[in-house]
Structure formats: C-alpha cells, structure tokens
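User: I'm new to reading protein models and would like to work through one with you. Could we take it question by question?

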Amino acid sequence: MVPFRNLRRLSSLLLALALVVLAGCGSAPSQQSPSPAGGGTQTQPSDQAPAPAEGDIVIGAVLPITGGSAKMGQDMQNSIEMAFEEINAQGGVLGRKLKLEVQDDACDPQSAVAAANKIVSMNVVAVISGYCSGAFLPTEAIYHNAGMGVVVPAANAVSLTEQGYEEINLINATNRDQARTAADYMVNQWGAKKVALIHDNSAFARELAELTRENLEGLAEVVAFEAITPGEKDFSAILTSIKSKEPDAIYFTAYYAEGGLIIKQARGLGIDAKIMVGDGANDPTLVEIAGAENAEGVAITTSPGAFDFTGSSDWIPRYREKYGEPGPYSVHAYDAAYVVAEAIKQAGTTDRAAVAKAIRNINIEGISGPISFTETGNRKDGYFIVLEVKDGEFTVVQGAPR
Amino acid sequence: MSQFLEQLLNALVIGSFYALVALGYSMVYGIIRLINFAHGDLYMLGAFFGYSALLLLGRISLGSGVTGVLLAMLIAMGMTGGLGVLVERVAYRPLRGAPRIIPLITALGMSLFLENAVMVFKPWGASFRVYPVTLGRAGFDLFGVHIGYAHLAIFAMALFLMVGLHLFVERSTYGKAMRAVAFDLEAAQLMGINANRMISLGFFLGSIMAAAAGVMAGLYYGQINFLMGFIVGLKAFTASVLGGIGNLPGAMVGGMLLGVLEVFGTSSVGGQWKDVFAFGALILILVFKPTGLLGERTAGRM
C-alpha cells in the first residue's frame, strides 16, 4: 500500500516536471519567430531610423544572487547596474533606457536552467550570465534555441565554447590559458617535481585540474589527483594522505571558501609545499579565511582583476564610491554590460538574433582592454596572470604576456 | 602508523561535530517522532550568534581570551536554544495532530527560511564571515603525531556536553519527564506532566548542543556562512540513523563512527569516495539493522 502510494506521488511529480519542461521547450521556438528578419537588419544598421521608444530595453542577468557564490553575483550585478546607469544618463541606447532583469542561478544547474527559461520567455533582448561554469553550461542550449546573445563575464570552462553555439561569448580567458600558466609557473618558477592537484568535481574545477595534469606531463609528476566536496569544512583527511606523498606544490582549482580552509589546514598539518590556487579562489576573503601567516607566499592564477587593468585607474574610484571594494569580476561584468549596449546600438534594433550577431562581431575598448571575440566565442588575446600573497596582499608576480 | 594516528585524530574532531548535531535530531525524533530538518540550520545560527557575541565581547576587550570564548559560547547556546524553542512553538506545535509528513515538509520550509533570513540579515549576509577568534595550531608531538590543543579542546568539550546531556536525561526529574513523554505522550499527560514544556525542553537541549558545535566549528575552521548547516545537518542525520535514531548514546556513537568512516574512506580510496563510504554505511545499516547500531538496546525511544 505504502510503496504504491509513493509511486503515485512520484509519478504525479514527474508529470508536473515534464509539463514544466515541455512548457520551457514550447516557449523557446515561439520567441524565435521574429528572428528571420534579424539578418536583414544587421547588414544595414545605418539606414534604420532610431527604433520607436516602446518602453525600456530589457537586458537579462542570470547570476548567483544566493548560495555560496552570492558575493560574486552581487559584485557583478552592481557593476552592470553602474554601467546601465551611466549609459542611461547619456540618453540610453536607440533612444530608450536600458533596464536590468536579474534572475538567480545560485551557482546550481537546476536553478540556472529555470532562470534561463524564465529569461527567454520574457521580453529580454540579450543576457549577461555565467559565473559558475557548471551552472551556466546547461543553459547554453536554452539561449541558443531562443537565438539570444549571451555575454559571459566570468565563467571560463573550455567546454562552454565547444558546443558551437554562435550566441555564447566569453569575456574571460579560458581554462586552457589558465592551466598552461599554472603548470608553467609551478615547474619553472618553483621548480616543482611532484605536484598534487585538488578539485571539487565541478565542471570548471575538474577541467582545470585535468588540463593542468596534461600540461605537466613530462615536466613534473602528479602524485595526487583528489576531489573535495564543496561546502565541507574539514579537509584534514585528504591533506594528511597528500602529506605522505610529499608534493613540492599543491594546485587547488576550485573556489575561495574551500581554498582558504585548505591552505589553513595544510599549514596546520605541517605541509610546507608551495600552494597555488585557481581564479575561482581569487578573493581577499581567501587570505582572511586562511589566516595571513598561512596564506603568505600562496600563488593565484587569475584573469587580470580590477586592479591590473590600465583602464581601471579612474574606474575603481567610481565603483568604490557607489558599492565599496570591487570584486575580481566587477570589471568583466561592467565590460559585458557595455558590450551588450554597444551591440544593440550597432544592430540598430532590439531583435534578438541581430543583437547576438552584433555581440559576436563587437570590437570595443573596455576597462579590461580591447574586447573582441574569436569565431568560437572566446575572448581574443585572453591571458592569465599570476599573483602571490605578500604581506597579506595580492601582488602581481607575472603579468600580461604582451 | 603515524599517518593512521593522525587520521584518527582528524576523525575524532569531525565525529565530535557530527555527534553533537546528531543529538538534536535524535532527541526531537525521540520525543515527537519528527525529523527536524531545520536542525542543521540551528547549528549554523549558533555559529553566527557566537560570531556576533565574539565581536561584541571583543569591543569590551573580553573577546579573545578563554573567558571571552566560553562566554560567547554560552551566549550563542542560550540564543540558539531560545530560537529552537521558538521554531517548535510557531512551526511544529500547531501541527501536533497532523499526519507526520506535514511537519516534515514544514521542517524543510523552516530550514530554507532560516538560511535565507541569515542571508538577508545585513550584519551576517551572504558572504563568508571570518571568525573573530580562531583556535591556534599549537600542540605537542607524541610518537611523531602532531596533536593540536584545539583538537583536544574540541573533543573534550564535546565529550563534556554529551555526558552532561546524558546525565540530565537519565538522572534528573526533567529528564525522566521527557523520557515519559517520549514513551507515551498521552499517558504522560495523564500523569500530570506538561508535555508541551517537555517538548520545548527537548528542542532547547538539542539546539544548545548544535549551537556549541557551531561555535566550535567557527573557532576551529575560522569561516562560517549561511549554508554551512546543510551538509552538516545531512551528515548528522545520517549519524543519528547509524546509531539508532531516538537513542542518545546511539547518536554519539553514530557521529564518531561516521567521522571515522569518512576519514578512512578518504585516505584509503580517495576524497571523491568519502560520501560514498558514509552513505553506503547508511544504506547497509538500513537494510540489515534498520533500528541502527544501538537502536534496540534501550526499550524506550530515548
């Protein structure tokens, strides 16, 4: 009796779920219907009369507003709002104001898919989304089906641009660049012969760890390749077994909350190997969590942050005045907002497909340098830098290659 | 050998946290047969109350010493205990006569409510908070094993609280009354026991154990955030089932056992298999001894 009741409960739940999914699929093609006109308008944007002002132009943002990465999401939302305010103060785009519609992906694939479906069903022209690659990846097809252009401020797993969708564009350089930088730094700067790699099984961190292992081949021995569970606080068991393998360097590829704890606990266990962390751990909180004395000398591979760009010297005070200290992706999100605005301007229309095409062909000068995309949607000339913690501060030890 | 002992020490610390939180699950289940899924969040709230207490005590230069830490812990335990009672009063008591699935869903809702309330509460917020005081890594070496004072302090504190709770439940009049309510709520009421008060007391005791664990986790790991209760809650629930849910010594044994399983799972097979070990043990127990390791030893549910 009881299992039978449960079965019925389960099947009705599945039915409801199926309906939701169907509804999501159903709405996508209907959004696409105006898109055939897109190609035409794109070729002759200058002839277009300024589009009639039919209210605000709505831009979507799907970011982690809650959950473990909520801080990053809020940083990015601040930047986008700041950019839109500036653009609107100068008359907006096509004579209309830009309006931001924020949805929460909580850095979680299920929530991200729900949020993306909601965004494409709304009157949204283009979207800025993607901090956690793992959460962003499953939403790509939804945007693709809706023909909606996406500018990705932070997420940078290699797989993101391997689907061949022409709507997805990354502001950040990818894991391939990061893995190469990390392996090179550990081997050539630190002289590491034995390396331990730790990831957290997320799409992004696992990929970075695997790519780093490939890059280390023939240069150093990978003595440990371990995964932790995000959200946990005690990594002493993993670290104790890594300790017995005596690595020269440890590279942790996931996020700052666990990164700080790993540094702290490794030092507490008497591990004196050099420690390097990936760009997901690039946040001052890392040093706070690890404790300044433990974090000293820790290296971070990261895409250039707010402070490393030439364009940021007058941008930072403007941001600070409004929202306080900028986060590592504040500049990227700000640039993403300008890419979207400029693309709409160049497309001369709010048609989704035309805007998506204009985003791919964008060529503007952002705070993070010149922004244009390759035919796969990667940032042209993207690169990673290396920071080290010196006296508790992140200091650039290896800057731009050019 | 020294690696084995080091891992054992790691296991005891993790196990202490699980055991303290597991006690609350077991206690509440024992009395009103409710799996209080909001219990992990009381652990989180305990950590946050301790955080704020330490900040405030730091301002009157009391914060960083042993007195300050113990005082902050007491404050956090008191506040969280009160909150636990409040949660029971507003969310579970009105549903006392309802089918068991309903308070269970309410508990899940309460868990989400508490997490998000902490997130939007400005002084706490969404980002990770660094604890104002953290336990040092100082210690001594014994047979080549580094034993931190922090490890010992946490283990001793957890043991002290667990023994204290056990004695209270077994020896005091209130404990007796609680056990009576757990055994048969209606008969206990007929004997003149105020059942609602005993249930509140159960929630209070469970919550202060969770709060103590939360504050110690903050002191030990140095970092807290509003989602920290989720995984610990899940693991502590597993621990209480391992030991026999409703059975207090079982919760302690289950917590320690889960810590050991996780640590040795990690060191023998690899970190990604840790949870497979922990939850695999849960499945085995449920299949072969559904009452848990110590579940049948005591006649009553406490």
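Here is a short set of questions and answers on this predicted model.

User: Let's start with the big picture of chain A. How many helices and how many strands does chain A have, and what share of its residues is buried?

Analyst: Chain A comes out with 15 helices and 14 strands. Its length is 402 residues. Of those, the buried ones make up 56%.

User: Which domains is chain A divided into, and how far apart are their C-alpha centres?

Analyst: Domain 1 of chain A covers 55-173 + 310-371, while domain 2 covers 175-302 + 384-398. Each one is made of two stretches of the chain. Going from one C-alpha centre to the other, the distance is 29 Å.

User: What kinds of residues sit on the side of domain 1 of chain A that touches domain 2?

Analyst: Twelve residues of domain 1 of chain A are in contact with 14 residues of domain 2 of chain A. Sort the domain 1 side by class and you get six nonpolar, six polar and no charged.

User: Now the two chains. How many residues does each chain bring to the contact, and how does the chain A side split by class?

Analyst: Chain A puts in 31 residues and chain B puts in 29 residues. On the chain A side, α3 (70-89), β7 (221-227), α9 (236-243), α10 (256-268) and α11 (284-290) each supply at least two residues. By class, that side holds eight nonpolar, 16 polar and seven charged residues.

User: Which residues touch the most other members of the largest nonpolar core?

Analyst: That core has 231 residues. It takes at least three residues from each of domain 1 and domain 2 of chain A. The residues touching the most other members are A:V127, A:A337, A:V340, B:A19, B:L20 and B:A212.

User: Let's zoom in on B:L20. Which residues is B:L20 in contact with, leaving aside its neighbours within four places in sequence?

Analyst: B:L20 is in the list of core residues that touch the most other members. With its sequence neighbours set aside, the contacts of B:L20 are B:A158, B:L161, B:M209, B:A210, B:A212 and B:A213.

User: Is B:L257 buried or exposed, and how far is B:L257 from B:A11 in space?

Analyst: You'll find B:L257 in helix α10 (residues 248-269) of chain B. B:L257 has 22 other C-beta atoms within 10 Å, and 20 or more is the mark for buried, so B:L257 is buried. B:L257 and B:A11 are 246 residues apart in sequence, yet C-alpha to C-alpha they are 8.5 Å apart.

User: Which strands of the seven-strand open sheet in chain A stand at the edges, and why is one side of each left without a neighbour?

Analyst: The strand order in chain A is β7-β6-β8-β9-β10-β13-β14, with mixed pairing. From one strand to the next, the twist averages 25°. Each edge strand has a single partner strand, so one side is left without a neighbour in the sheet. The edge strands are β7 and β14 (393-398) of chain A.

User: How do β13 and β14 of chain A run, and which turn residue in their hairpin has a positive phi?

Analyst: Strand β13 (residues 385-390) of chain A runs antiparallel to β14(A), with five bridges joining them. Across the pair, A:V389 stands opposite A:F394, and A:V386 stands opposite A:Q398. The hairpin has two residues between its strands, and the turn residue with a positive phi, about 50°, is A:D391.

User: What about β2 and β3 of chain B: how many bridges join them, and which residue in the turn has a positive phi?

Analyst: Four bridges join β2 (residues 139-142) to β3 (residues 145-148) of chain B, and the two run antiparallel. One bridge pairs B:D141 with B:H146 in β3(B). These strands also form a hairpin with two residues between them, and the turn residue with a positive phi of about 50° is B:F143.

User: Last one. A:A106 and A:E246 each have a positive phi; is each of them buried or exposed?

Analyst: Most residues other than glycine have a negative phi. A:A106 lies in the loop between β2 (98-104) and α4 (109-121) of chain A, while A:E246 lies in the loop between α9 and β8 (249-252). Inside 10 Å, A:A106 has 21 C-beta neighbours and A:E246 has 12. So A:A106 counts as buried, and A:E246 counts as exposed.

Key: Residues are numbered from 1 along each chain as its sequence is written. Chains are lettered from A and ligands numbered from 1 in the order in which they are written. This is a predicted model: local features need pLDDT of at least 70, side-chain atom pairs count only at pLDDT 80 or more; totals for chains, interfaces and linings use all residues. Domain bounds come from an automatic or database domain assignment. Two residues are in contact if their C-beta atoms, placed from the backbone, lie within 7 Å. Ala, Val, Leu, Ile, Met, Phe, Trp, Tyr, Cys and Pro count as nonpolar, Asp, Glu, Lys and Arg as charged, and the others, Gly among them, as polar. A nonpolar core is a set of buried Ala, Val, Leu, Ile, Met, Phe, Trp, Tyr and Cys residues joined through C-beta atoms within 7 Å. Two strands pair if DSSP finds at least two bridges between them. Axes are lines fitted to C-alpha atoms, for helices over the stretch in contact, and angles run from 0 to 180 degrees between N-to-C directions.
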